[in-house]
Amino acid sequence: MRLDAVLFDMDGTLLDTAPDFIAVGQAMLAHRGLPPVNDQVVRDVVSGGARAMVSALFGLPVQAPEFEALRLEFLERYQNACAVHTRLYDGMAELLGDIEKAGLAWGVVTNKPVRFAAPIMAQLNLAQRSRVLICPDHVTHAKPDPEPLMLACTTLGLDPSRVLFVGDDLRDIESGREAGTKTVAVRYGYIHPDDNPDHWGADAVVSDAWELRDLLDRALCSC
């Protein structure tokens with residue numbers, strides 16, 4: 001497998017962003033005199049976005065009259081504190097270093113709006129290292145549509161068949177597969193308890209950054 005670049009989904013793949021979502025949600029509950037929820041309640045639905053997290057935090061359906069105001073407050077609070085506790089997953093810093101040493105490009109393709117994604121990349125000192133950041137703001141259709149991955153490959157000037165996309169959601173794998181990239185699903189991300197990455201049809205499934213590192217080593221050595 002000839003590789004020229006590795007692209008990552010952001011939340012639950014490259015970065016553990018859940019702690020900041022959790023902090024925002026718990027603060028909203030405390031502000032209203034409500035008891036905190038178990039952190040896992042939020043982690044289980046991060047991939048569903050703000051609507052899913054607010055619904056889980058407050059036990060409200062999205063149709064509830066007060067729901068939209070809560071969602072907007074959640075997003076505003078998050079924008080003001082989106083990189084306080086967020087960090088690279090264990091082993092990911094070393095993996096990015098190895099990717100760069102191997103002469104490969106790396107970047108991020110996410111369904112996270114650029115107003116959140118860009119500041120996070122900057123505050124974690126990743127913006128200058130990442131060769132591309134594709135958000136929904138840059139495309140007409142977000143993942144699982146292949147458009148974001150195709151735009152990333154075009155921006156890098158690379159054939160999708162020589163690009164690996166890593167994600168923690170079925171839509172990541174569907175997007176990469178339709179775009180023509182190789183795909184890897186991770187088991188450590190924000191995966192609903194009823195879901196199973198082994199069933200997504202990815203080219204490979206890994207449990208952590210070190211396993212992904214071994215997979216890349218084998219792929220590069222076999223070129």
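Two strands pair if DSSP finds at least two bridges between them. Helices (H or I, at least four residues) and strands (E, at least two) are DSSP runs, numbered from the N terminus. The model is predicted: local features need pLDDT of at least 70, side-chain atom pairs count only at pLDDT 80 or more, and totals for chains, interfaces and linings use all residues. Residues are numbered from 1 along each chain as its sequence is written, and side-chain values use heavy atoms, with hydrogens and water left out.

**Exercise 1. The sheet around β1**

Task: Determine which strands pair with β1, and in what sense.

Solution.
Step 1. Strand β6 (residues 163–167) pairs with β1 in the parallel sense over four bridges. In this pairing, Leu7 stands opposite Phe165 of β6.
Step 2. β4 also runs parallel to β1, and four bridges join the two. Here Phe8 stands opposite Val108 in β4.
Step 3. These strands belong to an open sheet of six strands with parallel pairing, in the order β5-β4-β1-β6-β7-β8. The edges are β5 (133–134) and β8 (204–206); each has a single partner strand, so one side of each is left without a neighbour in the sheet.

**Exercise 2. The faces of β1**

Task: State which residues of β1 are buried on each side, and which helix lies across β1.

Solution.
Step 1. Buried means under 20% relative accessible area, exposed means over 50%, and partly exposed lies in between (1.4 Å probe, protein chains only).
Step 2. Ala5 and Leu7 are buried on one side of β1, and Val6 and Phe8 are buried on the other, so that both faces are covered.
Step 3. Helix α5 (residues 92–101) lies across β1 and β4 (105–109), at about 150 degrees to β1. For such angles, axes are lines fitted to C-alpha atoms, for helices over the stretch in contact, and the angles run from 0 to 180 degrees between N-to-C directions.

**Exercise 3. Two buried polar residues**

Task: Describe where Thr13 and Asp172 are placed, and what each touches.

Solution.
Step 1. Thr13 is in the loop between β1 (5–8) and β2 (15–16). Thr13 counts as buried because its relative accessibility is 0%.
Step 2. Contact means heavy atoms within 4.5 Å. Beyond its neighbours within four places in sequence, Thr13 is in contact with several residues, among them Phe8, Tyr89, Met92 and Asp168. A polar atom of the Thr13 side chain lies 3.2 Å from the backbone nitrogen of Asp168.
Step 3. Asp172 is in helix α8 (residues 170–179). With 1% relative accessibility, Asp172 is likewise buried.
Step 4. Not counting residues up to four places away in sequence, Asp172 touches Asp9, Lys143, Phe165 and Gly167. The side chains of Asp172 and Lys143 are joined by a polar contact of 2.7 Å. A polar contact is a pair of N or O atoms within 3.5 Å; within protein, one must be able to donate a hydrogen and the other to accept it, and residues adjacent in sequence count only if both atoms are side-chain atoms.

**Exercise 4. Salt bridges of helix α4**

Task: Identify the salt-bridge partners of Glu73 and of Arg71.

Solution.
Step 1. A salt bridge is a side-chain nitrogen of Lys or Arg within 4 Å of a carboxyl oxygen of Asp or Glu. By this rule there are 15 salt bridges.
Step 2. Glu73 forms a salt bridge with Arg32, with the closest N and O atoms 2.5 Å apart. This pair links distant parts of the chain, 41 residues apart: Glu73 is in helix α4 (residues 67–80), and Arg32 is in the loop between α1 (18–31) and α2 (39–43). Arg32 counts as partly exposed because its relative accessibility is 35%.
Step 3. Glu73 also forms a salt bridge with Arg77, the closest N and O atoms being 2.9 Å apart. Both residues lie in helix α4, four residues apart, about one turn of the helix.
Step 4. Arg71 forms a salt bridge with Glu68, with 2.6 Å between the closest N and O atoms. Arg71 is buried at 14% relative accessibility, whereas Glu68 is partly exposed at 35%.

**Exercise 5. The cysteines**

Task: Explain why Cys135 forms no bond with Cys82.

Solution.
Step 1. A disulfide is a pair of cysteine sulfur atoms within 2.5 Å. A search of the whole structure finds zero disulfides.
Step 2. The cysteine sulfur closest to that of Cys135 is in Cys82, 12 Å away, and therefore too far for a bond.
Step 3. Cys82 is buried at 3% relative accessibility, and Cys135 is buried at 1%.
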